[in-house]
Amino acid sequence: MNKVYERITAKEEDIARRLREWRPEKMDLQRIPQGDVPGERVEIREAQIGRAETLFREMIKTLPAVISKNPYQRVVLAVCGGSGVGKTSIAALLACFFRQAQIGCYVLSGDNYPHRFPKYNDAERLHIYRECGLQGMIRDGVYTPGNFAKLQQWQQAGEDADPAHLKDAGWFRSYADAGRKGLEGYLGTEKEIAFCEVGDIITAFKDGAVKIWLKRMGRQETELWYEEVDFKDIQVLLIEWTHGNSDSLTGVDFSVLLNSTPQETMAYRKARNRDGASDSPFTTMVLEIEQGQLMKQAGKAKLIMSKSGGLLTYEELCRSQGERQV
């Protein structure tokens, strides 16, 4: 037993030494491995290196102590935040820094773990919003043939989440409020995402599993399969995911929140525009709900970084967003 303890202690000290002695090296940004979503690749820019270095230098101050708590000297990190805040790029750079320190790191993308393919999930979101909205109209006694005919026109134009309709149609509030409430009960919850599956991966990793089956999900129906990944030489599982700090995900040891405003997120989605309708009123609503969820969970993050690359305390984040601490 003492010999086992001695071996573990020596390994902990070796990991701590490697992190202390780490120095950034020149990197070929085009060759840095990224997350494991099929076909997904985001350009990594020089400006992001400084942000990643700042986070890494802060992380390694406390990581050795976190790693020492696991009998296999393994740790689970999460990089979370809204769309376009740089999760994929920052996670890839952090993983590269770990490898420079001769510490194995695997980047897992949470985007592989919704229950539905992206286009079907988008359709489910819209269905929930509209069905709950109609139920709200019935509940409030404003479901009339005339109101429904007008609503159908807005639905066909993709404008039935536009708050501007309230100016001339007071009854629209029943639809919009009930629809939004229904959507809030779906987005980022177990109904939308397989949190349990990701949690099982985390448990297996921290329990010393050598090989783990991981899901791969792209954007097309044929892009779904599983791959057995070798974790024998991996000490760090780095999850890059909007929901990496969610209360529904268990087992994360250290989370980093990359903060952005809804306006910054929308600008990114317009530029990327993978699935169309990136600037619709409905998409704006989805982003607002997502931002609210991120803020509710922000207090758990060990590090918070602004879009400009500055580190924030939770209190500073709340002030910047005009939010109360929760």
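**Exercise 1.** State how many helices and strands the chain holds, and decide whether its radius of gyration agrees or disagrees with that of a compact globule.

*Solution.* The chain contains 11 helices and eight strands, in what is a predicted model. For 326 residues, a compact globule would have a radius of gyration near 20 Å, and the chain has 22 Å, so the value agrees with the rule. Along the principal axes, the C-alpha atoms fill a box of roughly 80 × 40 × 35 Å.

**Exercise 2.** Determine how strand β2 (residues 105-109) is placed with respect to the rest of the structure, and which strand is joined to β2 by bridges.

*Solution.* Begin with burial, for which the cut-off is under 20% relative accessible area. Five of the five residues of β2 are buried, and the strand is therefore largely enclosed by the rest of the structure. Next, consider the directions of the side chains: C105, V107 and S109 point one way from β2, while Y106 and L108 point the other way, and all are buried. Finally, turn to the pairing, where five bridges join β2 to strand β5 (residues 236-240), the two strands running parallel. Within this pair, L108 stands opposite I239 of β5.

**Exercise 3.** Describe the burial, contacts and charges of the chain as a whole.

*Solution.* Of the 326 residues in the chain, 49% are buried. Among contacts with a separation of 6 or more, 75% are between residues 24 or more positions apart. The accessible surface comes to about 16,500 Å², with 49% of this area belonging to carbon and sulfur atoms. As for charge, there are 45 positive and 46 negative side chains, and the centres of the two sets lie 3 Å apart.

Notes
Residues are numbered from 1 along each chain as its sequence is written. This is a predicted model: local features need pLDDT of at least 70, side-chain atom pairs count only at pLDDT 80 or more; totals for chains, interfaces and linings use all residues. Side-chain values use heavy atoms; hydrogens and water are left out. Buried means under 20% relative accessible area, exposed over 50%, partly exposed in between (1.4 Å probe, protein chains only). Helices (H or I, at least four residues) and strands (E, at least two) are DSSP runs, numbered from the N terminus. Two strands pair if DSSP finds at least two bridges between them. The radius of gyration is taken over C-alpha atoms; the globule rule is 2.2 Å times the number of residues to the power 0.38. Contact means heavy atoms within 4.5 Å. Accessible areas come from the Shrake-Rupley method with a 1.4 Å probe; for residues, only the protein chains shown count as cover. Lys and Arg count as positive and Asp and Glu as negative; His and the chain ends are not counted. The place of a charge is taken as NZ of Lys, CZ of Arg, CG of Asp or CD of Glu.
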